[in-house]
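Here's a quick briefing on the empty space closed off inside a protein model. Have a look at the fold, then read on for what lines the holes.

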Amino acid sequence: AAVGTWPSAEFVRHPLWAGETAETGPLARHAASPLVRLLLDRGDRISARLFAKAIDVADCASTMRHPESDEVAPLIDACEAAPGIGMARIITARGVLLCWVRVVEGRIEDCAIVPASAWNLHPQGAFCRDALCLQGDVTDLDAVRKRLEWMVLAFDPSLPYDRDFRPPEKIGKKDKPIPISRPNFVTLCGEVVEKLEETYFD
C-alpha cells in the first residue's frame, strides 16, 4: 500500500493523495482568506503565498497565547498503523510532514519520512504548476530566472544542515543570496546576538 502500514518508496519520493498531487503549507491552509483569494484571482501567486505566511505567523502567536483552547487544531496526530509500526502527522510551517517508525524489540528498526517539499515540489505538483503560469515577458530569461527564484523561496524548501558552513567575510550588494538551511540560519543568528551582546557590554 502507498500509505497504509508502511509507505512505498515511490510514495516517499512522489506522494499522491487519492491519486492526485496535493499542496500543503500556508497557502493551502489560508486559501479562503479574502486577501489571499484576491491575490490568487489576480494571478499573483507569489504574493499570495507570502501573505499566507504572514497569516500563519499571526495564527501561531494566537496559539501560543491560548494553547489549551478547543479552537486550536492539534499540530500532531499519531496512531499505531500496525503492530510495531507507528505513524504521525505533524503540521509544520512548511506544511504537513508524515512519519512512520518501525519498532522491533524496543528499538527503532526503520523510519520513513515524507516532508512538505515532497508534496509541493512533486514533478506535477504546485511549484511546477505555478512555474508554468509565470506572468510577464517570458523572453527575458534573467527576469524569468529571478521570478523562479522568488517562487522557490515562497515555497520555503528545506535544505540540509551543513555543519561546516561559514558565511563569507564580505558580501557585496550585487552578490547573489546564499541559500542555507533553517538550522544554519538559527545558528548564525545566535552568533550575531553573542557579538552584539559583547559589543554592548564592552
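What follows is a rundown of the internal cavities, taken one by one.

Keep in mind that this is a predicted model. The count comes to three cavities of 30 Å³ or more. The largest has a volume of about 90 Å³, and the second largest comes in at about 70 Å³.

**The largest cavity**

- A set of 14 residues lines this cavity.
- If you want to find its centre, look for Pro-26, Arg-49, Lys-53, Ala-154 and Phe-155, the lining residues that lie nearest to it.
- Three helices, α2 (26-30), α4 (45-65) and α7 (141-155), each put at least two residues into the lining of the largest cavity.
- Of the contributors, α4 gives the most, with three residues.
- The lining of the largest cavity is a mixed bag: six residues are nonpolar, three are polar and five are charged.

**The second largest cavity**

- Ten residues line the second largest cavity, and those closest to its centre are Gly-43, Arg-45, Cys-133, Arg-147 and Met-151.
- Both α4 and α7 turn up here, each supplying at least two residues of the lining.
- By class, the lining of the second largest cavity has four nonpolar residues, four charged ones and two polar ones.

**Helices to keep an eye on**

- Helix α4 supplies at least two residues to the lining of the largest cavity and at least two to that of the second largest.
- Helix α7 likewise supplies at least two residues to the lining of the largest cavity and at least two to that of the second largest.

Notes:
Residues are numbered from 1 along each chain as its sequence is written. This is a predicted model: local features need pLDDT of at least 70, side-chain atom pairs count only at pLDDT 80 or more; totals for chains, interfaces and linings use all residues. Side-chain values use heavy atoms; hydrogens and water are left out. On a 1 Å grid over the protein atoms alone, a cavity is a set of points where a 1.4 Å probe fits but cannot get out, and a pocket is an open set with protein on both sides within 12 Å along at least five of seven lines; lining residues have an atom within 4 Å of a point. Grid points are joined across faces, edges and corners, and a volume is the space filled by probe spheres set on the points. Helices (H or I, at least four residues) and strands (E, at least two) are DSSP runs, numbered from the N terminus. Ala, Val, Leu, Ile, Met, Phe, Trp, Tyr, Cys and Pro count as nonpolar, Asp, Glu, Lys and Arg as charged, and the others, Gly among them, as polar.
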